[in-house]
Amino acid sequence: MYYVPDGTIRCGYYECEECGSRFLDLKIGPRILCPYCGEEADMEIGPDEEMPEVRETAVLLQVVEGEEEVEKMDMLLSLAATGGDYSWI
């Protein structure tokens with residue numbers, strides 16, 4: 001599959017408040033870091049640097065359960081992301 005591994009039976013459907021992208025993720029929580037516009041904070045800071053701020057901008061829209069439902073949602077989202085290009089399948 002495009003967003004999650006084959007055989008996934010439960011995942012989260014998210015939308016980023018900043019970039020507007022929608023995606024599936026194995027992590028399920030009220031908010032997570034967007035894989036497209038969010039950056040993981042580099043926690044190795046020097047003595048003169050401030051602690052970086054991690055902004056979790058992706059909001060959980062729905063929990064998708066069931067292997068068939070996850071596969072269907074993944075396919076629909078991947079078609080939107082690839083512009084209907086089936087060559088990756």
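A residue is called buried when its relative accessible area is under 20%, exposed when that area is over 50%, and partly exposed in between. The exercises below apply this scale and related criteria to a predicted model.

**Exercise 1. Classify S78 and describe its side-chain contact.**

Solution.
Step 1. Locate the residue: S78 belongs to helix α1, which spans residues 67-82.
Step 2. Apply the cut-off. The relative accessible area of S78 is 0%, and the residue is therefore buried.
Step 3. Examine the side chain. At 2.8 Å, the side chain of S78 reaches the backbone oxygen of M75.

**Exercise 2. Derive the strand order of the open sheet from the pairings of its strands.**

Solution.
Step 1. Begin with β1 (residues 10-16) and β4 (residues 58-65), which pair in the antiparallel sense over 7 bridges. Within β4, L60 is the residue opposite Y14.
Step 2. Add the pairing of β1 with β2: these strands run antiparallel and are joined by 4 bridges. Here E15 has R22 of β2 as its bridge partner.
Step 3. Add β3 (residues 31-32), which pairs with β4 over 2 bridges, again in the antiparallel sense. R31 stands opposite V59 of β4.
Step 4. Assemble the pairings. The result is an open sheet of 4 strands in the order β2-β1-β4-β3, with antiparallel pairing.
Step 5. Identify the edges. β2 and β3 each have a single partner strand, so one side of each lacks a neighbour in the sheet.

**Exercise 3. Describe the largest nonpolar core and the elements that contribute to it.**

Solution.
Step 1. Recall the general tendency: in soluble globular proteins, nonpolar side chains tend to be buried together.
Step 2. State the extent of the core. The largest nonpolar core has 15 residues, and F23, L24 and V64 have the most contacts inside it.
Step 3. Assign the contributors. The elements giving two or more residues to this core are β1, β2, β4 and α1. The greatest contribution comes from β1, with 4 residues.
Step 4. Follow the contacts of V64. Leaving aside residues up to four places away in sequence, V64 touches I9, R10, C11, Y13, L24, E69, V70 and M73.

**Exercise 4. Characterise the aromatic pairs that involve F23.**

Solution.
Step 1. Note the total: the whole structure contains 3 aromatic pairs.
Step 2. Consider Y14 and F23. Their ring centres are 5.7 Å apart, with 20° between the planes, and the pair is stacked. The cut-off for a stacked pair is under 30 degrees between the planes.
Step 3. Determine the exposure of this pair. Both Y14 and F23 are buried; for F23 the relative accessible area is 1%.
Step 4. Consider F23 and Y36. With centres 6.0 Å apart and planes at 75°, this pair is edge-to-face, because the angle is over 60 degrees.
Step 5. Place the pair in the chain. F23 lies in strand β2 and Y36 in the loop between β3 and β4, 13 residues apart, so that the pair links distant parts of the chain.
Step 6. Combine the results: Y14, F23 and Y36 form one aromatic cluster.

**Exercise 5. Compare the salt bridges E15 to R22, E17 to R31 and K72 to E69 in distance, position and exposure.**

Solution.
Step 1. State the total, which is 5 salt bridges.
Step 2. Take E15 and R22, whose closest N and O atoms are 3.4 Å apart. These two residues are also bridge partners in the pairing with β2. E15 is partly exposed at 25%, and R22 is partly exposed at 40%.
Step 3. Take E17 and R31, whose side chains form a salt bridge at 2.7 Å, N to O. This pair links distant parts of the chain: E17 is in the loop between β1 and β2, and R31 is in strand β3, 14 residues apart. E17 has 52% relative accessibility and therefore counts as exposed. R31, at 36%, counts as partly exposed.
Step 4. Take K72 and E69, where the closest N and O atoms are 3.5 Å apart. Because these residues are 3 residues apart in helix α1, about one helical turn separates K72 and E69. Both are partly exposed: K72 has a relative accessible area of 48%, and E69 has one of 40%.

Terms used. Residues are numbered from 1 along each chain as its sequence is written. This is a predicted model: local features need pLDDT of at least 70, side-chain atom pairs count only at pLDDT 80 or more; totals for chains, interfaces and linings use all residues. Side-chain values use heavy atoms; hydrogens and water are left out. Two strands pair if DSSP finds at least two bridges between them. A nonpolar core is a set of buried Ala, Val, Leu, Ile, Met, Phe, Trp, Tyr and Cys residues joined through side-chain atoms within 4.5 Å. Buried means under 20% relative accessible area, exposed over 50%, partly exposed in between (1.4 Å probe, protein chains only). Contact means heavy atoms within 4.5 Å. A polar contact is a pair of N or O atoms within 3.5 Å; within protein, one must be able to donate a hydrogen and the other to accept it, and residues adjacent in sequence count only if both atoms are side-chain atoms. A salt bridge is a side-chain nitrogen of Lys or Arg within 4 Å of a carboxyl oxygen of Asp or Glu. Rings of Phe, Tyr and Trp (its six-membered ring) pair if their centres lie within 6.5 Å; planes under 30 degrees apart count as stacked, over 60 as edge-to-face and the rest as tilted.
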